[in-house]
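Hello,

Here is the structure I promised to pass on to you. Have a look at it first, and then read on for what turned up.

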Amino acid sequence: MTIVSHAQERPVRPAARRTTAAHLQDWLPRLVLAPSVAITLFFVYGFMLWTFVLSLTSSRMLPSYDFVGFAQYARLMANDRWWVASTNLVIFGGLFVTICLVIGVVLAILLDQRIRQEGTLRTLYLYPMALSFIVTGVVWKWLLNPGLGIQAMVRSWGFESFTFNWIVDPDMAIYTLVLAAVWQASGFVMALFLAGLRGIDDSIIKAAQLDGASLPRVYYRVILPCLRPVVFSAVMILSHIAIKSFDLVVALTGGGPGYATDLPATFMYAHAFTRAQIGLGSASAMLMLGGVLAILIPYLYSELRSRKHG
Amino acid sequence: MPSCKPIGFTSTCFNKARLNTRLNRTPFTRTRFALATALAASVSFTSAHAAGDVEVLHWWTSGGEARAANVLKDLMEAEGYGWQDFAVAGGGGETAMTVLKSRAMSGNPPSAAQIKGPEIQEWGELGLLGELDDVAEAEGWNQLLPETVAEIMRYDGQYVAVPVNVHRVNWLWANPNVLEQAGVEMPTTLDELFAAGEAIREAGFIPLAHGGQAWQDATVFETVLLATGGVEFYQQALVDLDPEALGSEQMIEALETFKRLRGLMDDDMSGRDWNIATSMVINGDAAMQLMGDWAKGEFTAAELTAGEDYLCAAAPGTADAFTFNIDSLAMFRVAGEEHEAQQALARLVLEPTFQEAFNLAKGSIPARPDLDMSDFDACARQSLEDFQRTADEGGLVPSMAHGMAVRADVQGAIFDVVTNYFNARDMEAEQAAQRMVNAAQAAL
């Protein structure tokens, strides 16, 4: 009996095992991913939805569900400070991304000329990225302070009329944010481009040179177009740094002078958390999200589509 | 103290020693037993204290303040109540308020929290505050507290909060050495201030130390407005938010005078913290500063004596007024023994022992005017004297810049206008006044 049953079971068991194992193999990735998917769904998309719901209510100090339609958005549109913040984001984001890209490409090309001590230089340029924006902000705050930073130093050298007081000038203060952010991030962009440059096949360049192309022309016509995916990644990373910039503003200018360097992120924080206007804060958060999507979706679409075809 | 965790409205404390002996007896089922005991404990040992616990949310976390808060803890424990400290540091209370909101939303507020000014009304409207009328009546708070102050502590006619201290905001601090070198006296009117400012500038000092942050701009602005417009106008404009007053000639005059003060400040003030500005006065770089009496803490820390090494006086033109900034503990609605303990807390906060200890440490004055002030310095004694005098004569007004006069959203909107006007090169006072009217109306 036992022998028979064993004999009968033997061929069945491995099969059953195989199917269990196969099932497990099928399900394991999903099972392992399920918690993080659930958490992401809830904490990212769920709260996004909740923020949207709150932006339609008259919530003040605590969330309430007294719906007022788009009244908070109307109030936001009538708010001077919101327009200052949005304009600042356009100026800051545009300049920050462009300047970082230009400096990053130039540094990468220069470093790519097989120079000595390349590793050391690369590390030097990359180091600012290791700092937090708070540190960058505080350091630049001191450097830019007319009374004890660059201006005071140059004046002490004898150039009495030298002025560099952007940080206390409401019209120029936004550019100090660009300065500090570019200082921090351009080394990182350089590293991205350097990796891209090293990935380009030498034979393409040689072929171009054989065809009689000059070096600038080789870079402009051959190498830079090859770096398009790198530009894509760099723009993605830089634009999200720009949009979520909060710590840099807080540390460098505190939004001042007045509220001249307010960004949407600091505006949202001030209204939702310190001024007991959760409804208005949520509306501004939704507009920020809208702004991000308006820029990113067309860009993602064009990049990903063209890559598929290419 | 056994380990306690706040769960629900009451605290759950279970006796560790007892638990341990039981665990030792049955080592093999330790885990299961621990679970069972913990579960049983959470039910049966709820509010194990005979007289109940209070949980107090506050942000008195700096050295002197923390010691002062400890006095209250000792007083509570001496009467047999338990004290659970719920100190949340940072951000001038912003972090603490965020924590408080999340606790209140989850239906689990602390027994008492450091809430002040019109915010007490907002919490009252949410129906979360409990009343203190029995204590107030027994202790005679109506006679003890000036009516202006008592009104802030009440919601719907009932006491819901208890004042801890009184800060005066309209102070002028000065370095006597610098004043002497410039050959000027402590100014008592705005004209004298501007005249003294010129002399100080010529002597090579910064006349007025200031930090370019929105709340500091607003602090100076409300003081100037009080000086140029007087108490009644201050009340109309910054407390009642009367649109006519906000757009009036007096407002324009206040704004213009405020902007003239910029000429007495240095160019590098943008973003500077208030205590850095105070240290400029201490070091003799600057002559004066307009700031509330918390600035005294900086002078005291530098081991200077009031009246000798540094001078204090009511801000120019505001000798007959007192802008107050009062910290208070608001009481949340709780039940049972915690309620009893909470009532005791409210009583103890206004008793002389705590009032004296706390206010000596914090640089403010006691919220009750009947105390012996011999341990306090000259500035505090003058402050208390002015507090009583202005309370009788009607010069006692809440500080807009410190969240005593209007709700946070209106305050924020006014801050935006004030700081923008102060920093913009080409903004007219008329335009700023108009924006002030809009801000007040949009927030209503």
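To judge how far a helix reaches, take its expected span as 1.5 Å times one less than its number of residues. With that in mind, and remembering that this is a predicted model, start with helix H11 of chain B, residues 214-239. A straight helix of 26 residues would span 38 Å, yet the end C-alpha atoms of H11(B) are only 19 Å apart. Where should you look in H11(B) to find a kink? It is centred on B:Gly230 and amounts to about 120°. Just beyond the helix, B:Leu241 follows H11(B) and has a positive phi, near 55°.

Next, the sheet in chain B. It is an open sheet of 4 strands in the order E10-E11-E9-E12, with mixed pairing. At the edges are strand E10 (206-209) and strand E12 (311-314) of chain B, each of which pairs on one side only. From one strand to the next, the twist averages 25°. If you zoom in on E10(B), you will see that it pairs with strand E11 (residues 286-290) of chain B in the parallel sense, over 3 bridges. Within that pairing, B:Leu208 has B:Met288 in E11(B) as its bridge partner. Helix H10 of chain B, residues 190-202, lies across E10 and E11 of chain B and runs at about 125° to E10(B).

Now to the place where the two chains meet. Chain B gives 24 residues to the contact and chain A gives 27 residues. About 2,300 Å² is buried between chain B and chain A, and carbon and sulfur atoms give 52% of that area.

How many salt bridges are there between chain B and chain A? The count is 6. One pair to display is B:Asp416 with A:Arg81, whose closest N and O atoms are 2.8 Å apart. Another salt bridge is formed by A:Asp80 and B:Arg435, with the closest N and O atoms 3.4 Å apart. A:Asp80 lies in helix H3 (residues 80-111) of chain A and B:Arg435 in helix H20 (residues 429-443) of chain B, so this pair joins two chains.

Enjoy exploring it, and do write back with any thoughts.

Best wishes

Notes. Residues numbered from 1 in each chain as written. Chains lettered and ligands numbered in written order. Predicted model: local features only at pLDDT ≥ 70, side-chain atom pairs only at ≥ 80, totals over all residues. Heavy atoms only, no water. Pairing = 2+ DSSP bridges. Axes fitted to C-alpha atoms, helices over the stretch in contact; angles between N-to-C directions. Contact = heavy atoms within 4.5 Å. Bend = angle between axes of the 7 residues up to and from the residue. Buried area = accessible area lost by both parts, 1.4 Å probe. Salt bridge = Lys/Arg side-chain N within 4 Å of Asp/Glu carboxyl O.
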